[in-house]
Amino acid sequence: MDKFTGQAFIEDMTEAELERARRVDSVLPALAAQAAEVDARGEFHVPHIKTLSDAGLLGLIVPEAYGGLGGGLRDLCAATFAIASACPSTALTFFFHCSSASRGLLALEALDAGLFDEQEAPQVQAFADKVLHTMGTEGKWLANFASESVKSEKAAITISTTAKPVEGGYRLSGVKSFGCATGVADRYLVTASLEGHDTAAGLCTFFVDRDADGVSEREHWDAIGMRGTATHGIILDNVFVAAEDALAIPAAFTRCMQMSRGSFVGNQVAGIACYLGAAWSLYNYTINQLRTKTFADSDKPVGTAPYQQELIGKMLVELETATIWLRRQVDLESSESPIMSKDEVVKRWRLCKGVVAESAFKLGTYCVKASGTGGGTGNHGVPARALRDLCMGLVQAFPAERGRLMAAQMEIEGSEQAQFGTR
């Protein structure tokens, strides 16, 4: 039996994981058919939502009790890898949707761990239920907005969006600069700082309807790559959110994040798996070209030339480097019993993200070189398009240089600097 695409990354799948991988592979032809158009137009292909929803994949990592498929981090990594082999933009947007599940899953874990008292627990449970049922039972797409353009020296993400308590709920104001599926998702999950708090303890999460009064989109971003992700962000102008659509208990956000096995929400490895999947697909495309195209004067495959073979060797090194680093990180964050402390896992993630991104991009440059002017440099051809997508991995979330700096700081100081700050 042929292997599913995700098995090129997650090799030791269980029977349940294989069934979920089958669902992923079933949608790949439809996603691949639109990939070039998605890149050319710089827009998310909205019919993909129904394609993914019909396959049950919007609930991929949602428990079966909430109408999901019951998958975990390994499933998500295999899925984003596989989807990226067809359309990297769709894979990254799908990842951000799936990352929304953490707002429910980690809340449930925090409840089980006793991090909320009897008065707080019902509100936390209701919010977690809403997140997971929206994704699983209802099969709807969520966009997860935390990042903002405001930066801090001491925190990876600074939240300046404010939430002001009012009768019946809250009023949100601020600008969210990044979060896939702007104008596409059915609902937004928005992180904001509760008025009166100036630390991460004031961070809260809110459901915001896409078409709510006061919600507008920022100017569309003409990105170099990953162009179909709708990452331009939203503007919130005194947007009302009902109390039942908020998890605004002080320190609830940070208590939930304590339950993550990795950095922040603990599934960031699946985001960088998008870039590994794109690199893997590009490698296979390039090798096929080098095997099938021949020299006019000898009929030998172009890939037999010493120049191309030198490049092939370099491609193999970069692909293997990225794959091994990311597999190790997935193991650290998904093993049944923890292999290392959370700080050690986070430190390695800080390194891993940069290694994978840089190796994937290097592989892309070698593929363009090996393909030559005839096959690699057409702006919407496979090599050039993939190289532009891989370029985005160098800057998404945090660049390799910052990751190495943060890991070095952890090595000396023993703990990670603040993940979140407020302004």
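This briefing describes the fold, the nonpolar core and several individual residues of the structure shown above.

The structure is a predicted model. Its chain holds 13 helices and 10 strands. The radius of gyration is 22 Å, close to the 22 Å that the globule rule gives for 423 residues, so the chain is as compact as a globular protein of that length. Buried residues account for 55% of the 423 residues.

**Overall dimensions and surface**

- The C-alpha trace of the chain extends over about 80 × 45 × 45 Å along its principal axes.
- Among contacts in the chain with a separation of 6 or more, 74% join residues 24 or more positions apart.
- The exposed area of the chain is about 17,900 Å², and carbon and sulfur atoms supply 51% of that area.
- The chain carries 39 positive and 51 negative charges, and the mean positions of these two sets are 5 Å apart.

**The largest nonpolar core**

- In soluble globular proteins, nonpolar side chains tend to be buried together.
- In this chain, the largest nonpolar core has 127 residues, of which F94, L172 and F206 touch the most other members.
- Helix α9, covering residues 268-292, gives the most to this core, with 13 residues.
- Neighbours within four places in sequence aside, the contacts of L172 include T162, A163, V190 and A192.
- L172 is also in contact with F206 and V208, and with L236, D237, N238, V239 and V241.

**Buried residues in helices**

- S89 is part of helix α5, which covers residues 88-99. The relative accessibility of S89 is 4%, under the 20% cut-off, so this residue counts as buried.
- Residues up to four places away in sequence not counted, S89 touches V38 as well as M226, R227, G228 and T229.
- G271 is located in helix α9. With a relative accessibility of 2%, G271 falls under the 20% limit and therefore counts as buried.
- Once residues up to four places away in sequence are set aside, G271 touches L92 and F95.
- G271 and F81 are separated by 190 residues in sequence, while their C-alpha atoms are 8.8 Å apart in space.
- G354 belongs to helix α11, which covers residues 342-375. G354 counts as buried because its relative accessible area, 2%, is under 20%.
- From C-alpha to C-alpha, G354 and A322 are 9.5 Å apart in space, with their positions 32 residues apart in sequence.

**Loop residues with positive phi**

- A251 is not a glycine, although its phi is positive, at about 70 degrees. A251 is placed in the loop between β9 (246-247) and α8 (252-257).
- A397 likewise has a positive phi of about 70 degrees without being a glycine. The loop that contains A397 runs between α12 (382-392) and α13 (400-413).
- A397 counts as exposed because its relative accessibility, 59%, is over 50%.

How values were computed. Residues are numbered from 1 along each chain as its sequence is written. Side-chain values use heavy atoms; hydrogens and water are left out. A nonpolar core is a set of buried Ala, Val, Leu, Ile, Met, Phe, Trp, Tyr and Cys residues joined through side-chain atoms within 4.5 Å. Buried means under 20% relative accessible area, exposed over 50%, partly exposed in between (1.4 Å probe, protein chains only). Helices (H or I, at least four residues) and strands (E, at least two) are DSSP runs, numbered from the N terminus. Contact means heavy atoms within 4.5 Å. The radius of gyration is taken over C-alpha atoms; the globule rule is 2.2 Å times the number of residues to the power 0.38. Accessible areas come from the Shrake-Rupley method with a 1.4 Å probe; for residues, only the protein chains shown count as cover. Lys and Arg count as positive and Asp and Glu as negative; His and the chain ends are not counted. The place of a charge is taken as NZ of Lys, CZ of Arg, CG of Asp or CD of Glu.
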